[in-house]
Amino acid sequence: QADWPGGGGGGAGAAGSNALANGTGGNGGIGLQYNISGSNTYYAGGGGGGGYNNDPTKAGTGGLGGGANGSTTSTTPAAGTTNTGGGGGGTRDGQGSAGGSGVVILRYPDSWLAAASTTGSPTVTVSGGYRIYKFTASGSITF
């Protein structure tokens with residue numbers, strides 16, 4: 001077993017950090033912040049790198065935007081947060097986990113007509129003068 005720390009994964013807004021010589025895994029890079037649906041939200045943060053042998057203080061942290069923390073064990077690390085596109089964390093042995101699923105958000109002035117039809121059950125809200133369609137699964141929209 002290697003027990004060498006890993007670097008943090010890159011996020012959409014910044015690179016992850018390198019692992020440290022003391023066995024600490026690198027932190028995931030920050031994602032990008034958007035205010036599409038009425039609140040500031042980060043997406044696509046990088047996953048944290050795995051750290052040295054069972055010392056929880058040595059795990060890298062995930063970046064803002066759904067990045068998962070790294071692990072200092074050899075078990076499966078945490079996956080990225082769903083619907084954020086965040087990266088999965090790594091283990092002390094170099095294993096990585098799945099990234100979080102993505103999301104599609106459409107926003108346009110609510111003075112325009114609503115969609116004629118949608119599939120995939122998007123969440124639809126009208127707020128702040130905008131009509132917002134949020135898809136967290138496969139779907140389509142027809143105007």
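**Group meeting: rings, one sheet and a salt bridge**

I will start with a charge on a ring: Arg-107 lies over the face of Tyr-130, at 4.0 Å from the ring centre. Before going on, please keep in mind that this is a predicted model.

Both of those residues belong to strands, and the sheet comes next. It is an open sheet of three strands, ordered β3-β6-β5, with antiparallel pairing. The edges are taken by β3, residues 104-109, and β5, residues 123-127; each has a single partner strand, so one side of each is left without a neighbour in the sheet. On average, and ignoring direction, neighbouring strands here are turned by 15° against each other.

As a reminder, strands of a sheet pair through backbone hydrogen bonds, in either a parallel or an antiparallel way. How many bridges join β3 to β6? There are six, and β6 covers residues 130-135, running antiparallel to β3. Within this pairing, Pro-109 stands opposite Tyr-130 in β6. Tyr-130 is also the residue whose ring face has Arg-107 over it.

Now the aromatic pairs. The structure holds four of them. I will go through two. In one, Tyr-34 and Tyr-43 have ring centres 6.3 Å apart and planes at 45°, so this pair is tilted. The partners are not equally covered: Tyr-34 counts as partly exposed because its relative accessibility is 39%, while Tyr-43, at 14%, counts as buried.

The other pair is Tyr-108 with Trp-112, and this one is stacked, with 5.8 Å from centre to centre and 20° between the planes. Is Tyr-108 buried or exposed? Its relative accessibility is 8%, so Tyr-108 counts as buried. Trp-112 comes out at 54% and therefore counts as exposed. The stacked pair also belongs to a cluster: Tyr-108, Trp-112, Tyr-133 and Phe-143 form one aromatic cluster.

Last, charges. A search of the whole structure finds one salt bridge. Which side chains meet in it? They are those of Arg-92 and Asp-93, at 3.5 Å from N to O. For Arg-92 the relative accessible area is 6%, so this residue is buried. Asp-93 has 27% relative accessibility, which means that it counts as partly exposed.

To recap: an open antiparallel sheet of three strands, four aromatic pairs, and one salt bridge. The arginine over a ring, where I began, is Arg-107, over the face of Tyr-130.

Definitions and conventions
Residues are numbered from 1 along each chain as its sequence is written. This is a predicted model: local features need pLDDT of at least 70, side-chain atom pairs count only at pLDDT 80 or more; totals for chains, interfaces and linings use all residues. Side-chain values use heavy atoms; hydrogens and water are left out. Rings of Phe, Tyr and Trp (its six-membered ring) pair if their centres lie within 6.5 Å; planes under 30 degrees apart count as stacked, over 60 as edge-to-face and the rest as tilted. Buried means under 20% relative accessible area, exposed over 50%, partly exposed in between (1.4 Å probe, protein chains only). A charge sits over a ring if NZ of Lys or CZ of Arg is within 6 Å of the ring centre and within 35 degrees of the ring normal. Two strands pair if DSSP finds at least two bridges between them. Helices (H or I, at least four residues) and strands (E, at least two) are DSSP runs, numbered from the N terminus. Axes are lines fitted to C-alpha atoms, for helices over the stretch in contact, and angles run from 0 to 180 degrees between N-to-C directions. A salt bridge is a side-chain nitrogen of Lys or Arg within 4 Å of a carboxyl oxygen of Asp or Glu.
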